[in-house]
Amino acid sequence: METPNFFRLIFLSLCIALVLLFTWSHLLSGPDLLDCATNSAWCTSKNRFQSKQPTHLKNRRNSPTRLRDHASDTPHHPLDPLTVQELNKIRTILSSHPIFSTSAGYALHSIELEEPEKPLVLTWNKGDPLLPRKASVVARVKGESHVLTVDLATSEVIVHQTGSHSGYPMMTMEDMTTATWAPLADATFNRTIIERGVDLTDLACLPISTGWYGKTEENRRLIKVQCYSMKDTVNFYMRPIEGLTVLLDLDTKQVVEISDKGANIPIPNAANTDYRFSAQKHNQVIKLLKPISIEQPKGPSFTVEDDHLVKWANWEFHVKPDARAGVIVSRAKVRDPDTGVLRDVMYKGFTSELFVPYMDPTDAWYFKTYMDAGEYGFGLQSMPLEPLNDCPRNAYYMDGVFVAADGTPYVRSNMICIFESYAGDIGWRHTESPITGMEVREVRPKVTLVVRMAASVANYDYIVDWEFQTDGLIRIKVGLSGILMVKGTPYQNVNQVSGQESLYGTLLSENVIGVIHDHYITFHLDMDVDGSDNSFVKVNLQREQNSPSESPRKSFLKATRNVAKTEKDAQVKLKLYDPSEFHVINPSKKTRVGNPVGYKVVPGGTAASLLDLDDPPQKRGAFTNNQIWVTQYNRSEQWAGGLFVYQSQGEDTLAVWSNRDREIENKDIVVWYTLGFHHIPCQEDFPIMPTVSASFDLKPVNFFESNPILRTPPNVETDLPVCVVAAAA
């Protein structure tokens, strides 16, 4: 090896040793409460390896939001997340348990609140004694996965049977961090990087989940690592070292195999890839808009009590961060305008799983079929929201408290924001035609409340909004932004590509292909419409024919109601020419005219998976085989891809549960809805993607006696602030 490269490797080895020493010291004796700003290894999306700090992080201005001290937090509600004090107590309890005390090394993959039994939560009221606090712990010890319950009051630890299902727990942040460093200990890897013309100090690597493709991948945790060049850009995703893949044992951190099939593919240039505002040339900055802001001189109309209970307009619900789901919305209730009573709508709703298969079957791409919640942790990948840009003025920010692999708590600041939104939309209106002789002009503005999080899962950014409307509607919206995962290519123009060759995507720039892929986001919706016992009704619209003797019309549409008796009856593939409405009703509660009260699922973002059902990724992602599922409530069935998703084979998914075909009529039921996106990349997605969004609604259907916002007042000039242009002030 050349002398300069030898000294470079010595220098890098020292850097790695210092980083590992820092990490180990925090695991053994670090502070009880880590802050993401000073301990970024716990806070970085997929924890890419960077051998030098990007300049855009060196002079980062301080966030204008106040940093909270969570050391003294106490729970007030049965569903409140575990506090720092509770997490520290759990760590102490576990350290003396035989499973952990006799092991030299272990990893706690998750510690979350084990929520009390649903009937107990439903009967609990503010002022009642808090229900017993327990934690659900997923751990790996000596190569075995364990699920435990820790009783905080008694210090009792219960070890549960995990069954014979395949798969491993969600990765820890330490798994991801150390996986990206590990290849540097392999001389062949370092030599390959240098031969590709990349300086090791310019290297950025990503840990990529492997999926499952056969018995050769069983009985050990594996991960693949692919790398990029950071030279001259922070957008290293656009500079892949194509065809180089490292297969790594995730437990031993030993390199199993190195595949290098892209030596003839150049690394794309860095030109025009930097998306930061500070990197744009001053004379090229495009100022399309004047500043805009919604002012609330009297403050927002919502309150957050005891850190997690949100009250706004006619809504009340509980919000908490979650390491796997991101955001959990619970006990959603809406106030009836006639009786003033808060009525149950949804017991619990959250992002259950994501499935992101890429459509390139070649050696360096076939395995890219991510399940971002169960493999990486959708909440773990959430990043601090940026005030004034992610969220407007008067937003309320909520932190997440998670744990490192040894159980040490740390804070993810500003993980969730809550704010009121007004975009000039209309709640309802009617203007009477002049031909009636009546001057009637009635309009009401629409203001909504948004609960938002954003997860940066490596290159992709997901924005998840739970939007509440005063008319009782809940809109769940997902926005996709961030950076494409691209493929290097020798081609610089489509004219160079032969007609028979498949690029598996779109040529976006010289030597850069954006690979076709899908996104599926499956939501768990435990609907409790005026109570827990509900039914699922498919209201089919069917064409009926008329005879000439009956009407001048030849056809009309008729609505036919079909109550699903069992889970298989409620497996729904959406069809444009076989339309239906999908109602969740309470058959024991009726309106004054006799209709059962209910909510309906209003579909949107209806892309469906086209993969073969026997394709290994689709077996694991079988929860996307239908857009709607309804299952009987079972508190153990929360994660659509199964409890242990990593390298799972698909035998513990929503599809498996639904095929048990349990009774669901007039039962406590859970609705599952999948938003889907097909993405054929285009040049407008380069170098960073404008946000594309899709949503679905939970809408009242005969839930109220009439329009619930009928009696709300219109805006008048004296209600609103008058802002004066600064130059004229």
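**Entry 1: strand pairing around β8**

I began with the pairing of β8 and strand β9 (residues 244–249) in this predicted model. The two strands run antiparallel and are joined by 4 bridges. I then looked for the partner of a single residue: Ile223 is bridged to Leu248 in β9.

I next turned to strand β7 (residues 203–209), which is also antiparallel to β8. Between β7 and β8 I recorded 7 bridges. Here I noted a pair of cysteines, since I wished to know which residue Cys205 faces. Cys205 stands opposite Cys227 in β8.

**Entry 2: burial of β8**

Is strand β8 (residues 222–229) enclosed or open to the outside? I found 8 of its 8 residues buried, so the strand is largely enclosed by the rest of the structure. The cut-off for this is a relative accessible area under 20%.

I checked the two faces separately. On one side, Leu222, Lys224, Gln226 and Tyr228 are buried. On the other side, Ile223, Val225, Cys227 and Ser229 are buried as well. I noted that Ile223, the partner of Leu248, and Cys227, which stands opposite Cys205, both belong to this second group.

**Entry 3: a nonpolar surface patch**

I then looked up nonpolar residues on the surface. Ile286, Leu288 and Leu289 form a patch there, and their accessible area together is about 430 Å².

Where does Leu289 lie? I placed Leu289 in the loop between β10 (255–260) and β11 (302–305). Its relative accessible area is 77%. Exposed means over 50%, so Leu289 counts as exposed.

**Entry 4: the protein as a whole**

I recorded 10 helices and 34 strands. The protein has 729 residues, of which 53% count as buried. I noted an accessible surface of about 33800 Å², with 52% of this belonging to carbon and sulfur atoms.

I also looked up how far apart in sequence the contacting residues are. Among contacts with a separation of 6 or more, 69% are between residues 24 or more positions apart.

**Entry 5: confidence**

I closed with the pLDDT. The average for the protein is 90, and 90% of the residues score at least 70. Residues 1–12 have a pLDDT below 50, and I found 9 contacts for this stretch beyond near neighbours in sequence. For residues 14–64 the pLDDT likewise stays under 50. The model has 108 contacts for residues 14–64 beyond four places in sequence.

Conventions
Residues numbered from 1 in each chain as written. Predicted model: local features only at pLDDT ≥ 70, side-chain atom pairs only at ≥ 80, totals over all residues. Heavy atoms only, no water. Buried < 20%, exposed > 50% of the residue type's maximum accessible area, 1.4 Å probe, protein only. Pairing = 2+ DSSP bridges. pLDDT = per-residue confidence, 0-100. Contact = heavy atoms within 4.5 Å. Patch = residues over 30% accessible without salt bridge, like charges linked within 9 Å, V, L, I, M, F, W, Y side chains within 5 Å. Areas by Shrake-Rupley, 256 points an atom, 1.4 Å probe, with all protein chains shown as cover. Salt bridge = Lys/Arg side-chain N within 4 Å of Asp/Glu carboxyl O.
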